[in-house]
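Colleague: I am new to reading protein models, and I would like to learn how one goes from a picture to careful statements. Could you take me through one example, feature by feature?

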Amino acid sequence: MELYLDLHSQPCRSVFLFAKAVGIPFEFKHVDLSTGQQYSEEFGKLSILRKVPVMKDGSFVLTESIAILKYMVQKHSSSVADHWFPANLQQRARVNEYLSWQHMNLRAHGSKVFLLRAFFPLIMGSEVPKEKMDAAVEDLNQSLKMLEEKFLQNKPFIIGDKISLADLVAIVEIMQPVGTGMDVFAGRPKLIAWRDRVKKAIGEKLFDEGHEVIMKVSSMPQKLQNSSELEMLKPKFRKLFN
């Protein structure tokens, strides 16, 4: 199995961390987003979507992180613990409920804060307008509140006593704005305790390995600034910022 990843990407981190945590062997194929490698002719032959992650299992190519995670669980069902994606109908439905919700909520809002803080000055040539940043942070705060009140409640993990794909996908999204120096856990003791349980369940060393590059994200804009791909990428970023 080959996994095409850039660990600056939170969906890539979820796939990487899961495969590592449960012992699924794979070959790591780095796709450098900061240089626009996903737009290369070679990568386009692999995936017309030109996004990561991509999984290649023999001749079978699969895109979209949630689909990849579920595929890996089901292919390796004999060795992957049931709690990751439970066979129980209602527990699996709870995992799917979170995975369906998060796309337009925690993922969208955490990504926007990350992009504004990390890339807006480089792409737009000015500081982020206060009202734009305030609105983005408020959206993120509302998603974090919903994660606590709707999905986590008073349980150790989203579906109960053990970690699932829902927790893994949630934590990588939250760590995205953390990588820019924003402490999204401040004043949220329930979320801090949950984060610590997730790290322990994954393995703290592995968790840190998976998030090492995002914790050094300040170097990515400088790398992009010196990249010949910057002019091609600018319109895509500006569309997000306007």
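Modeller: Gladly, and let us begin with helix H1, which covers residues 10-22: at 1.5 Å a residue its 13 residues should span 18 Å, and its end C-alpha atoms are indeed 18 Å apart, which agrees. Please keep in mind throughout that this is a predicted model.

Colleague: Is H1 enclosed or open to the outside, and how many of its residues are buried?

Modeller: Eleven of the 13 residues of H1 are buried, so this helix is largely enclosed by the rest of the structure. Among the buried ones are Gln-10, Pro-11, Arg-13 and Ser-14, together with Val-15, Phe-16, Leu-17 and Phe-18. After H1 comes Gly-23, whose phi is positive, near 80 degrees.

Colleague: How should I describe the way H1 sits against helix H3?

Modeller: Two packed helices are described by the angle between their axes and by the distance between those axes. Here the axes of H1 and H3, the latter being residues 65-75, come within 9 Å and cross at roughly 10 degrees. Because an angle under 35 degrees counts as roughly parallel, H1 is roughly parallel to H3. The residues that meet are Pro-11, Ser-14, Val-15, Phe-18 and Ala-19 on the H1 side, and Ser-65, Ile-68, Leu-69, Met-72 and Val-73 on the H3 side.

Colleague: Why might residues with such spacing share a face?

Modeller: An α-helix has 3.6 residues a turn, so residues three or four places apart point the same way. You can look for that spacing in the H1 list, which includes Pro-11, Ser-14 and Phe-18.

Colleague: Which residues does Met-72 touch, once its neighbours within four places in sequence are left aside?

Modeller: Met-72, which has its place in H3, is in contact with Met-1, Val-15, Phe-18, Ala-19 and Ile-24. Its relative accessible area is 0%, so Met-72 counts as buried. Sequence and space can also be read side by side: Met-72 and Met-55 are 17 residues apart in sequence, and their C-alpha atoms are 9.8 Å apart in space.

Colleague: What can be said about the largest nonpolar core?

Modeller: In soluble globular proteins, nonpolar side chains tend to be buried together. In this model the largest nonpolar core has 66 residues, and those with the most contacts inside it are Phe-18, Tyr-98, Leu-106, Leu-147, Ile-174 and Trp-194. Helix H6, residues 165-178, supplies the largest share of this core, namely ten residues. Apart from it lies another core of eight residues, which include Phe-119, Ile-123, Ile-214 and Val-217. To see how one member of the largest core is surrounded, take Leu-147, which, neighbours within four places in sequence aside, is in contact with residues including Tyr-98, Trp-101, Leu-106, Ile-174 and Trp-194.

Colleague: Is Glu-173 buried or exposed?

Modeller: The cut-off for buried is under 20% relative accessible area, and Glu-173 has 2%, so it is buried. Glu-173 lies in H6, and a polar contact of 3.0 Å joins its side chain to that of Gln-10. Not counting residues up to four places away in sequence, Glu-173 also touches others, including Pro-11, Gln-102, Leu-106, Arg-107 and Ser-111.

Colleague: Which backbone details in the loops should I look at?

Modeller: Start with the peptide bond that joins Val-52 and Pro-53, which is cis, with omega about 5 degrees. Pro-53 lies in the loop between helix H2 and strand E3, and Arg-50 has its place in the loop between H2 and E3 too. Although Arg-50 is not a glycine, its phi is positive, about 60 degrees, and with a relative accessible area of 28% this residue is partly exposed. Gln-153, in the loop between H5 and H6, also has a positive phi, about 50 degrees, without being a glycine. At 39% relative accessibility, Gln-153 counts as partly exposed.

Colleague: How many helices and strands does the whole chain have?

Modeller: The secondary structure comes to ten helices and four strands. Of the 242 residues, 49% count as buried. As for contacts between residues at least 6 apart in sequence, 71% of them join residues at least 24 apart.

Methods. Residues numbered from 1 in each chain as written. Predicted model: local features only at pLDDT ≥ 70, side-chain atom pairs only at ≥ 80, totals over all residues. Heavy atoms only, no water. Core = buried A, V, L, I, M, F, W, Y, C linked by side-chain atoms within 4.5 Å. Buried < 20%, exposed > 50% of the residue type's maximum accessible area, 1.4 Å probe, protein only. Helix = DSSP H or I, 4+ residues; strand = E, 2+ residues; numbered from the N terminus. Contact = heavy atoms within 4.5 Å. Polar contact = N/O pair within 3.5 Å; in protein donor to acceptor, adjacent residues only side chain to side chain. Expected span 1.5 Å × (residues − 1). Axes fitted to C-alpha atoms, helices over the stretch in contact; angles between N-to-C directions. Parallel < 35°, antiparallel > 145°, perpendicular 65-115°, else oblique.
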